[in-house]
Amino acid sequence: MFNQIFDDFLGEIKKGKHDFLKFDQIKLDEVSRLVKKLNDQFDYVAIIGFGASSLNTRAICSSISKKLKKTIYLDSIDELDIEEKLQSINIEKTIFFVLSKS
């Protein structure tokens with residue numbers, strides 16, 4: 001049963017039915033330029049998300065051995081917590097990512 005599902009899924013990928021799986025079409029040079037531009041422009045990263053959206057990102061970032069930009073997680077509705085975190089960064093030099101699993 002699973003072999004058939006897998007074979008069908010591979011067939012759909014080969015036919016181009018799943019755009020998000022076209023990794024061979026990712027233009028790595030463009031991605032590299034964007035990363036360099038963002039890296040030069042921003043000193044901080046703010047992740048806005050709740051539950052698994054924030055936790056998954058936090059887990060991935062913590063597993064990366066390379067030092068990342070100063071990262072804050074805005075994952076609570078506690079006004080004092082949010083205010084304290086935002087005061088610890090320069091908003092003008094911060095890129096914000098809003099995550100949702102919905």
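Colleague: About how many helical turns separate Asp29 and Arg33 in helix H2?
Modeller: This is a predicted model, so let's reason from the positions in it. Helix H2 covers residues 28–41, and Asp29 and Arg33 are four residues apart within that helix. Because of that spacing, the separation is about one helical turn.

Colleague: Thanks! How far apart are the closest N and O atoms of Asp29 and Arg33?
Modeller: The two side chains form a salt bridge, and the cut-off for such a pair is 4 Å between nitrogen and oxygen. The closest N and O atoms of Asp29 and Arg33 meet that cut-off, at 3.8 Å.

Colleague: Is Arg33 buried or exposed?
Modeller: A residue counts as exposed over 50% relative accessible area. Its partner Asp29 has 47% and is therefore partly exposed. Arg33 has 53%, so the class of Arg33 is exposed.

Colleague: Let's move to helix H4. Which residues are linked in a network of salt bridges?
Modeller: Start with Lys85, whose side chain meets that of Asp75 in a salt bridge at 3.8 Å, N to O. The side chain of Lys85 also meets that of Asp81, here at 3.2 Å. The linked residues are thus Asp75, Asp81 and Lys85.

Colleague: How many residues apart in sequence are the parts that Asp75 and Lys85 tie together?
Modeller: The side chains of Asp75 and Lys85 meet in a salt bridge. Asp75 sits in the loop between strand S2 (70–74) and H4, while Lys85 belongs to helix H4 itself, so the pair ties together parts separated in sequence by ten residues.

Colleague: And where do Asp81 and Lys85 both lie?
Modeller: These two are four residues apart, which is about one turn of the helix. At 22% relative accessible area Asp81 is partly exposed, and Lys85 is partly exposed as well, at 21%. The element that holds both Asp81 and Lys85 is helix H4.

Colleague: How many salt bridges does the structure hold?
Modeller: We have already met Asp29 with Arg33, Asp75 with Lys85, and Asp81 with Lys85. These are among the total for the structure, which is four.

Colleague: Now for the sheet. In what order do the three strands stand?
Modeller: The strands form an open sheet with parallel pairing. S2 and S3 stand at the edges with a single partner strand each, so one side of each has no neighbour in the sheet. From one strand to the next, the twist averages 20°. The order is S2-S1-S3.

Colleague: How many bridges does strand S1 make with S3?
Modeller: S1 covers residues 44–48 and pairs with S3 in the parallel sense. One of the bridges joins Tyr44 to Thr94 in S3. The number of bridges between S1 and S3 is five.

Colleague: Which residue in S2 is the bridge partner of Ala46?
Modeller: S1 and S2 run parallel and are joined by five bridges. Towards S3, Ala46 stands opposite Phe96. Towards S2, the bridge partner of Ala46 is Ile72.

Colleague: How many of the five residues of S1 are buried?
Modeller: Buried means under 20% relative accessible area, and 16% of the 102 residues of the chain count as buried. S1 is largely enclosed by the rest of the structure, because the buried residues among its five number four.

Colleague: How far apart in space are Glu92 and Tyr44, C-alpha to C-alpha?
Modeller: Glu92 lies in the loop between helix H4 (79–87) and strand S3 (94–98). With 72% relative accessibility, Glu92 counts as exposed. Glu92 and Tyr44 are 48 residues apart in sequence, and their C-alpha distance is 9.3 Å.

Colleague: Which residues make the nonpolar surface patch of about 320 Å²?
Modeller: Take Phe9 as a way in: Phe9 is in helix H1, residues 2–14. Phe9 has 34% relative accessibility and so counts as partly exposed. The patch is made by Phe6, Phe9, Leu10 and Ile13.

Colleague: Last one: in which element is confidence lowest?
Modeller: The chain averages a pLDDT of 81, and 84% of the residues score at least 70. Where pLDDT is low, predicted coordinates should not be read in detail. Confidence is highest in H4, at a mean of 93, and lowest, at 74, in H1.

Technical notes. Residues are numbered from 1 along each chain as its sequence is written. This is a predicted model: local features need pLDDT of at least 70, side-chain atom pairs count only at pLDDT 80 or more; totals for chains, interfaces and linings use all residues. Side-chain values use heavy atoms; hydrogens and water are left out. Patches are made of residues with over 30% relative accessible area and no salt bridge: like charges are joined within 9 Å, nonpolar side chains (Val, Leu, Ile, Met, Phe, Trp, Tyr) within 5 Å. Accessible areas come from the Shrake-Rupley method with a 1.4 Å probe; for residues, only the protein chains shown count as cover. Buried means under 20% relative accessible area, exposed over 50%, partly exposed in between (1.4 Å probe, protein chains only). pLDDT is the predictor's confidence in each residue, from 0 to 100. Two strands pair if DSSP finds at least two bridges between them. Axes are lines fitted to C-alpha atoms, for helices over the stretch in contact, and angles run from 0 to 180 degrees between N-to-C directions.
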